[in-house]
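Visitor: I'm new to this one, and I'd like a close look at a single part rather than a quick tour. Could you take me through one of the sheets and then show me what lies around it?

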Amino acid sequence: MKVAAGWLLRCIDCGSMFDSDPAGYTCSRCNGLLEALKEGGSLTRGELYGRPAKGIWRFRALLPFGPDVRPVSLDEGGTPLIKAVNISRELRVRNLHVKNEGQNPTGSFKDRGMTVSVTRAVESGVRVLICASTGNTSASMSAYAARAGVTAAIIVPAGKVAAGKMVQATAFGAKIIRVDGNFDDALSMLLQTISGLPGFAGMNSVNPYRLEGQKSTAFEIYEQLGFSVPDYVVLPVGNAGNISAIWKGFKELRDFGITEKVPRMVGVQAVGASPIARAFWKGSETITPVDDPNTVASAIRIGKPASAKKALAALRESEGMALTVTDEEITAARSLLSSKEGIFVEPASAAPIAALREISGKLEKDAVVVCVCTGNGLKDQESIRIDIEDAPLVSDRSGLTDLLERLASRPLVPA
Ligand SMILES: [Zn+2]
């Protein structure tokens with residue numbers, strides 16, 4: 001199907017240009033990743049931000065669709081940017097903001113990209129949406145498939161997925177298929193299989209339309225900071241599509257003449273699943289896959305990130321940084337964010353907060369830092385210990401009064 005007027009898909013490896021979607025959404029010459037490009041010109045702030053639509057479809061001036069295409073939407077995007085005043089002193093970052101992506105319709109940032117890739121697939125006449133996913137991608141794709149009235153099929157590694165992770169996909173009516181192997185095997189098999197099958201569309205993040213939706217995070221951050229570009233954007237890196245997308249968003253704001261500067265991108269991985277951080281430290285443009293990735297943060301438990309090349313380019317071009325954090329640091333940061341700020345995120349989303357302890361000493365004193373917290377804490381409840389039997393038990397009113405008086409005697413503003 002033809003790409004929208006004024007847009008092209010470019011291969012980031014060989015530079016080939018396409019004016020229609022190649023099979024499997026990868027380069028038909030070298031199998032490289034594709035990137036959507038809008039041809040030339042400039043935009044005013046009003047042209048990008050002035051539309052009455054809600055969520056990411058406000059930004060239609062920078063989305064690859066003609067004016068008549070009807071979005072498959074659940075009002076994704078438009079998530080809060082919260083100034084983290086209670087933890088900023090402890091983390092030694094004065095201007096710290098949290099972009100709470102857990103507020104999206106299915107509880108993660110994936111919805112921003114899925115509304116765009118599903119709209120494109122439906123526009124192309126696709127009947128089955130398919131992805132390899134053990135979590136947020138499967139939840140998001142299934143919801144938009146339900147909304148569009150098409151079938152959702154999900155490939156998962158056999159024996160590696162907790163049933164609880166598939167609650168949303170199951171509720172949205174997706175078909176689940178198990179394959180022998182790990183997540184990376186499942187994704188490779190899927191990509192090789194569907195490129196020759198008409199009527200199917202792959203919804204993993206190699207699909208360049210996903211990134212077109214996810215770049216809206218950058219447009220929102222700029223607006224929510226009072227039309228100001230932050231100094232640093234810190235986010236978890238798993239399959240690496242989101243850091244690539246948000247960087248693309250900030251670059252487009254600059255290239256279309258709306259802003260002058262761009263932020264430094266800071267990518268955070270778990271120690272046990274850190275192929276991109278390792279490649280970045282070595283100055284390499286390609287990763288060495290991690291065969292058995294391991295971390296409590298399941299959303300970034302990825303050994304062979306599909307968008308690694310784009311992410312490494314984002315880190316390099318933005319003069320950014322890559323960092324790793326341990327599972328203990330992730331768990332502690334998650335608890336800090338929920339108990340001090342009232343923001344409950346899944347473990348992967350706490351990785352950027354954990355990383356701040358390591359880098360805050362290196363940042364300029366008044367640096368404006370945005371942590372992108374990618375998924376809702378309700379996604380991962382198993383890791384929270386609840387000792388309900390240890391809670392005090394009262395049997396009469398005087399016991400309750402006594403207990404409440406002792407609670408009230410604690411300082412009202414915690415130190
Ligand atoms: Zn190519």
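Guide: Let's start with a term: two strands pair if DSSP finds at least two bridges between them. Helices (H or I, at least four residues) and strands (E, at least two) are themselves DSSP runs, numbered from the N terminus. One thing to know early is that this is a predicted model, where local features need pLDDT of at least 70, side-chain atom pairs count only at pLDDT 80 or more, and totals for chains, interfaces and linings use all residues. Residues are numbered from 1 along each chain as its sequence is written.

Now for the sheet itself. Here 4 strands form an open sheet with parallel pairing, and their order is 8-7-6-9. Strand 8 (175-179) and strand 9 (200-202) are at the edges; each has a single partner strand, so one side of each has no neighbour in the sheet. From one strand to the next, the twist averages 25°; angles like this run from 0 to 180 degrees between N-to-C directions, and axes are lines fitted to C-alpha atoms, for helices over the stretch in contact. Take strand 7 (residues 151-157), which runs parallel to strand 8 and is joined to it by 5 bridges. If you want one spot to look at, find Ala 153, which stands opposite Lys 175 in strand 8.

Next, look at Leu 187, which sits in helix 6 (residues 183-194). Its C-alpha atom is 9.3 Å from that of Pro 157, although 30 residues separate the two along the chain. Leu 187 counts as buried because 25 other C-beta atoms lie within 10 Å; the cut-offs are 20 or more for buried, 12 or fewer for exposed, and partly exposed in between, with C-beta atoms placed from the backbone. Setting aside neighbours within four places in sequence, Leu 187 is in contact with Ala 132, Asn 204 and Ala 306, where contact is when C-beta atoms, placed from the backbone, lie within 7 Å.

There's another sheet to see. This open one has 6 strands in the order 4-5-13-10-11-12, with mixed pairing. Strand 4 (81-83) and strand 12 (321-325) are the edge strands, each pairing on one side only. Neighbouring strands here are turned by 25° against each other on average, direction ignored. Strand 11 (residues 264-270) runs parallel to strand 12, and 5 bridges join them. Ala 270 stands opposite Val 325 in strand 12. Helix 10 (residues 275-282) packs on this sheet, touching strand 11 and strand 12, and its direction makes about 135° with that of strand 12.

Further along, helix 12 (residues 327-341) and helix 13 (residues 347-359) have axes that come within 8 Å and cross at roughly 90°. That makes helix 12 roughly perpendicular to helix 13, a label for angles of 65 to 115 degrees, while under 35 is roughly parallel, over 145 roughly antiparallel and the rest oblique. Residues of helix 12 including Ile 330 and Leu 337 meet residues of helix 13, among them Ala 350 and Ile 353.

Finally, step back to the whole protein. There are 14 helices and 13 strands in the protein, and 50% of its 415 residues are buried. The C-alpha trace spans about 75 × 50 × 45 Å along its principal axes. Among contacts between residues at least 6 apart in sequence, 70% join residues at least 24 apart.

Methods
Contact = placed C-beta atoms within 7 Å.
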